[in-house]
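Please work through the exercises below with the sequence and the structure at hand. Each task is followed by a solution that goes step by step.

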Amino acid sequence: MTEASYYILLSLLGPNHGYGIMQKTAQMSGERVSLAAGTLYGALQNLVEKGWISALKTEKNSRKKEYLITELGERVLRIELERLQELVKNGEALLS
């Protein structure tokens, strides 16, 4: 999983729209990860196709499309978190 996808999934543990996802990702990463609009919307489409997130129905007049992580997406996110924790544990063990 890419770092961008990981942060997008984290950002969607609650409903969020594109700009909100960009802000939350930048905040969580200490401004290290910055998602450009084109990158974000391509990633969102990919995650929808995988079934990891879903687009929420919005009011007719609203131009903001909101997304939310799915049950499958949350399982994938937890697996990735475990993988990352193992990487850190192994690195710390060897570097100590």
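**Exercise 1.** Determine whether Arg 78 is buried, partly exposed or exposed, and then find which residue forms a salt bridge with Arg 78.

Solution. Begin with the accessibility classes, in which buried means under 20% relative accessible area, exposed means over 50%, and partly exposed lies in between (1.4 Å probe, protein chains only). Arg 78 has a relative accessibility of 52% and therefore counts as exposed. Next, look for a salt bridge, defined as a side-chain nitrogen of Lys or Arg within 4 Å of a carboxyl oxygen of Asp or Glu. The partner is Glu 74, and the closest N and O atoms are 3.0 Å apart. Glu 74 is partly exposed, its relative accessible area being 30%. Finally, place the pair: both Arg 78 and Glu 74 belong to helix H4, where they are four residues apart, about one turn of the helix. Helices (H or I, at least four residues) and strands (E, at least two) are DSSP runs, numbered from the N terminus.

This is a predicted model, in which local features need pLDDT of at least 70 and side-chain atom pairs count only at pLDDT 80 or more, while totals for chains, interfaces and linings use all residues. Residues are numbered from 1 along each chain as its sequence is written, and side-chain values use heavy atoms, with hydrogens and water left out.

**Exercise 2.** State how many salt bridges the structure holds, and describe the one between Glu 71 and Arg 75 and the one between Arg 32 and Glu 3.

Solution. The structure holds four salt bridges. In one of them, the side chains of Glu 71 and Arg 75 meet at 3.7 Å, N to O; both residues lie in helix H4 (residues 71-95), four residues apart, about one turn of the helix. Glu 71 is exposed at 64% relative accessibility, whereas Arg 75, at 46%, is partly exposed. In the other, the side chains of Arg 32 and Glu 3 form a salt bridge of 2.4 Å, N to O. This pair links distant parts of the chain, 29 residues apart, since Arg 32 is in the loop between helix H2 (18-28) and helix H3 (37-50) and Glu 3 is in helix H1 (residues 3-11). Arg 32 is exposed, with 53% relative accessibility, and Glu 3 is partly exposed, at 38%.

**Exercise 3.** Identify what is notable about the phi of Glu 31, and where Glu 31 lies.

Solution. Glu 31 has a phi near 70 degrees, a positive value in a residue other than glycine. Most residues other than glycine have a negative phi. Glu 31 is placed in the loop between H2 and H3, and its relative accessible area of 60% makes Glu 31 exposed.

**Exercise 4.** Describe how H1 and H2 pack, naming the residues that meet.

Solution. The axes, which are lines fitted to C-alpha atoms over the stretch in contact, with angles running from 0 to 180 degrees between N-to-C directions, are 9 Å apart, and the helices H1 and H2 pack at an angle of about 110 degrees. That makes H1 roughly perpendicular to H2, a class that covers 65 to 115 degrees. For the contacts (heavy atoms within 4.5 Å), Tyr 7, Ile 8, Leu 10 and Ser 11 in H1 meet Ile 21, Lys 24, Thr 25 and Met 28 in H2.

Terms used: Parallel < 35°, antiparallel > 145°, perpendicular 65-115°, else oblique.
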